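Reader: I am new to protein models and would like to learn how to read one. Could you take me through some features step by step?

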Amino acid sequence: MTSTLQALEAQWIIQYTAPYALENHSLIIAGETIHDILPTESAREKYPDIERITLDQHALIPGFINTHNHAAMTLFRGMADDLPLMTWLNEHIWPAEGQWVSHAFVKDGTELAIAEMLLSGTTTFSDMYFFPEAAAEVIETSGIKAQLCTPILEFPTNWGSGPEEYIEKTRKLLAQYSEHPRITIAAGPHAPYTVSDNTFKECIKLQQETGCAIQVHLHETQFEVDEAEKEHNSRPVARLNQLGALNHNTQCVHMTALNDDDIKMVAESGAHIVHCPESNLKLASGFAPINKAQAKNINISLGTDGAASNNDLDMLSELRTAAMLAKAVDSDATALSAIEALKAATINGAKALNIDSRTGSLEQGKLADIIAIDLSHLHCQPVYDPISQIVYTARSDQITNVWSEGNLLVRDRQLTRMDTREILQKANNWKEQIQASRSAS
């Protein structure tokens, strides 16, 4: 058996029980799982003849879990910046999607996104975009894991004619990927302002029949909430709660405009909040009350949102922003501490996606989804607390190696399964087409 084992000898291994940072320890990988974690001297005695990777200036942390993304929108990155949400959507993004989004667009855009995510330490992501079957093709070959949320709206798009077709496609994808080890399917009703009560009820029915998750943009702006109160005489959280759409398998994205009653309903339902601080800041959508939500034991995970509104998919940057913003919003320097921010980007994301028994933390028996981050850089010195240095000073270009299910997908800052040059060429080809079309109009 020892011939199948591999030792990662690290300066620190970060875990979520005290002591949080294990110094001079080794993590033993057996196939796709973590076999053992123990002091390096003991590991050399216990496992004398196995392959060893020396990471004596690195910290090992769990792979990041990006719980909200629109991966293919990397091809719209920077196309419509510095605009409010509804202007950005109605006048730029939705028209561009209508013109350009196709199976080929989604495949190439998702490939670009996955390359970026792997290089910045993401080993699992949740995607909500059209042609999820195209995204699945890239996920199959790249080695990353994903939850694919099928977009469900009341109006036609390039992917379908309306809610009936979207739900039927969701049902077929659920059956197709029911046994897949790295891809799960979820229902993705876009938002309360684009989805009717009847369609929400169909999503709930699908959830009850199959056990699939529901992910929905919810309370993204105060304007959304104000308009909902005018139209439905109810806040969106209350409306979804009454319909039965809020439960332990519901992922609520953004959640900036919340009052105490909203927070109480979410807490009682067991639903998760997916916090996207950088996108919320860039679109001036508002500030999610993370401290208040955590005080009610609501699980908070992190997502980058799409690169068209962030404009990157860097979870290390996202968790730092989340930690800083939580402190400013509540005028409390203790809000969302370094360890809590790291959890939001890892184990909390696993809980939101219902995969925390398999991944999200470095524990014996869990999948070997691991990031090695080099803390020897000048701006990280001296290292009094490796967790604080990771959250508050480290950059994603310090991530040298990334394992997903024991497979080394990034080695010394290089992708092992993806062709960077080809990906860049495809991205440039799309830019030239889109730019030429915009110039002509």
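Reader: Let me start with one residue: in which loop does Glu-405 lie?

Author: Happy to help! First, a word on the source: this is a predicted model, in which local features need pLDDT of at least 70 and side-chain atom pairs count only at pLDDT 80 or more, while totals for chains, interfaces and linings use all residues. Residues are numbered from 1 along each chain as its sequence is written, and side-chain values use heavy atoms, with hydrogens and water left out. Helices (H or I, at least four residues) and strands (E, at least two) are DSSP runs, numbered from the N terminus. In this model, Glu-405 lies in the loop between strand S14 (399–404) and strand S15 (407–411). Glu-405 has a positive phi of about 55°, although it is not a glycine.

Reader: Is Glu-405 buried or exposed?

Author: Here you look at relative accessible area: buried means under 20%, exposed over 50%, and partly exposed in between, with a 1.4 Å probe and protein chains only. Glu-405 has 10% relative accessibility, so it counts as buried. Try Asn-233 next, in the loop between helix H7 (222–232) and H8. Asn-233 also has a positive phi of about 55° without being a glycine. At 70% relative accessibility, however, Asn-233 counts as exposed.

Reader: Which peptide bond leading to Pro-19 is cis?

Author: The one from Ala-18 to Pro-19 is cis, and its omega is near -5°. You can find Pro-19 in the loop between strand S1 (5–14) and strand S2 (21–30). Another cis bond runs from Gln-381 to Pro-382, with omega near -10°. Pro-382 sits in the loop between strand S13 (370–374) and helix H15 (386–392).

Reader: Now for rings. How many aromatic pairs does a search of the whole structure find?

Author: A pair of aromatic rings is described by the distance of the centres and the angle of the planes. Rings of Phe, Tyr and Trp (its six-membered ring) pair if their centres lie within 6.5 Å; planes under 30 degrees apart count as stacked, over 60 as edge-to-face and the rest as tilted. The search finds 6 aromatic pairs. In one of them, the ring centres of Trp-100 and Trp-430 are 6.5 Å apart and the planes stand at 90°, so this pair is edge-to-face. Trp-100 belongs to helix H2 (residues 85–100) and Trp-430 to helix H16 (residues 420–440), so the pair ties together parts 330 residues apart in sequence. Both Trp-100 and Trp-430 are buried.

Reader: How far apart are the ring centres of Phe-105 and Trp-430?

Author: They are 5.2 Å apart, and with planes at 80° the pair is edge-to-face. Phe-105 is part of helix H3 (residues 103–119), so its pairing with Trp-430 in helix H16 ties together parts that are 325 residues apart in sequence. Phe-105 is buried, at 0% relative accessibility. One aromatic cluster is formed by Phe-76, Trp-100, Phe-105 and Trp-430.

Reader: At roughly what angle do the axes of H3 and H16 cross?

Author: Axes are lines fitted to C-alpha atoms, for helices over the stretch in contact, and angles run from 0 to 180 degrees between N-to-C directions. The axes of H3 and H16 cross at roughly 130° and come within 10 Å. Angles under 35 degrees count as roughly parallel, over 145 as roughly antiparallel, 65 to 115 as roughly perpendicular and the rest as oblique. H3 and H16 are therefore oblique to each other.

Reader: Which helix can I compare, and at what angle does H8 pack with H9?

Author: Helix H8 (residues 236–243) and helix H9 (residues 260–269) pack at about 30°, with their axes 9 Å apart. That makes H8 roughly parallel to H9. Contact means heavy atoms within 4.5 Å. Val-237, Ala-238 and Asn-241 of H8 meet Asp-262, Met-265, Val-266 and Ser-269 of H9.

Reader: Finally, which residues is Asp-81 in contact with, leaving aside its neighbours within four places in sequence?

Author: They are Lys-282, Ala-308 and Asn-311. Asp-81 lies in the loop between strand S5 (64–69) and H2. The C-alpha atoms of Asp-81 and Lys-282 are separated by 8.5 Å, although these residues are 201 residues apart along the chain. With a relative accessible area of 29%, Asp-81 is partly exposed.
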